[in-house]
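Q: Please take a close look at one part of this model, the place where two helices pack against each other, and then turn to the pocket.

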Amino acid sequence: MNEERRTRTTARRSTFIVHRCSVIVLAALIAVSGCTSRHRVVVGSKNFTESILLGEMLAQTMERAGCPVERKFNLGGTFVCDSAIRNGGIDAYVEYSGTALTAILHRPLLQSREQVTENVARAYAAQHLHWGPNLGFNDTFAMIVRRNPNLRTISDLRTVEETFQPAFGYEFVERADGWPGLLRHYDLHFARTPKTMDLGLTYKAL
């Protein structure tokens with residue numbers, strides 16, 4: 001179901017946030033300056049596999065630059081990590097620009113990746129947080145459905161909207177550019193409301 005996915009409005013570019021610029025991470029992918037053997041940087045992550053892996057990559061990059069790191073992975077969802085970095089519980093974690101724009105900062109959707117990055121970076125700077133450079137990949141949402149030869153594009157879901165039971169993580173259901181945006185953009189009218197569940201359970205449930 002790739003054909004129509006490019007029409008999504010907000011790109012979810014992955015980057016990292018640093019608490020109050022206590023560590024400035026910048027170089028090929030990420031580089032660290034200002035680390036000392038006495039300053040331990042606490043790297044956090046959300047509670048799903050990709051976030052944990054990205055957190056580990058960030059932690060190892062810092063360690064290679066000589067920065068002692070403490071890992072606090074699997075903390076919870078977006079708002080748990082956002083709260084942790086604002087109150088000093090962690091010093092850095094990897095976040096998605098679309099998530100930051102709409103879910104954390106409550107800003108309107110933007111079409112351009114450059115605009116998203118610029119707006120998010122400016123908003124975080126005003127809150128004494130540093131929004132790092134993009135990590136180089138576009139990580140948009142994707143939909144997985146049970147095998148059906150008649151489902152090739154998202155619009156084809158109209159043929160099953162009376163019978164299908166959708167299920168997603170909480171954030172996708174609540175975000176304006178998630179489930180509500182999908183319904184609006186493709187004029188879908190599912191008979192059943194989505195079940196919300198832990199992301200790790202959705203594939204098993206399918």
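A: What follows describes a helix packing first and a pocket second.

The model is predicted, and the description starts with helix 3, residues 97-104, which packs with helix 4, residues 113-126, at an angle of about 60 degrees, the two axes lying 9 Å apart. Helix 3 is therefore oblique to helix 4, and the crossing in which helix 3 passes helix 4 is left-handed. On the side of helix 3 the contact is made by Ser97, Gly98, Ala100, Leu101 and Ile104, while helix 4 contributes Val116, Asn119, Val120 and Tyr124. Sorted by class, this contact of helix 3 with helix 4 holds 6 nonpolar and 3 polar residues, and no charged residues.

The largest pocket has a volume of about 1,500 Å³. It is lined by 47 residues, of which Ala167, Phe168, Gly169, Leu199 and Thr202 are the closest to its centre. Two or more residues of the lining of the largest pocket come from each of helix 2 (78-86), strand 8 (167-168), helix 5 (170-174), helix 6 (179-186) and helix 7 (199-205). Helix 7 gives the most to this lining, with 5 residues. By class, the lining of the largest pocket divides into 26 nonpolar, 10 polar and 11 charged residues, whereas the contact of helix 3 with helix 4 has no charged residues.

Terms used. Residues numbered from 1 in each chain as written. Predicted model: local features only at pLDDT ≥ 70, side-chain atom pairs only at ≥ 80, totals over all residues. Heavy atoms only, no water. Axes fitted to C-alpha atoms, helices over the stretch in contact; angles between N-to-C directions. Helix = DSSP H or I, 4+ residues; strand = E, 2+ residues; numbered from the N terminus. Parallel < 35°, antiparallel > 145°, perpendicular 65-115°, else oblique. Left-handed = near helix turned anticlockwise from the far one by under 90°. Contact = heavy atoms within 4.5 Å. Nonpolar A, V, L, I, M, F, W, Y, C, P; charged D, E, K, R; others polar. 1 Å grid on protein atoms, 1.4 Å probe; cavity = no way out; pocket = protein on both sides within 12 Å on 5 of 7 lines; lining within 4 Å. Points joined across faces, edges and corners; volume = space filled by probe spheres on them.
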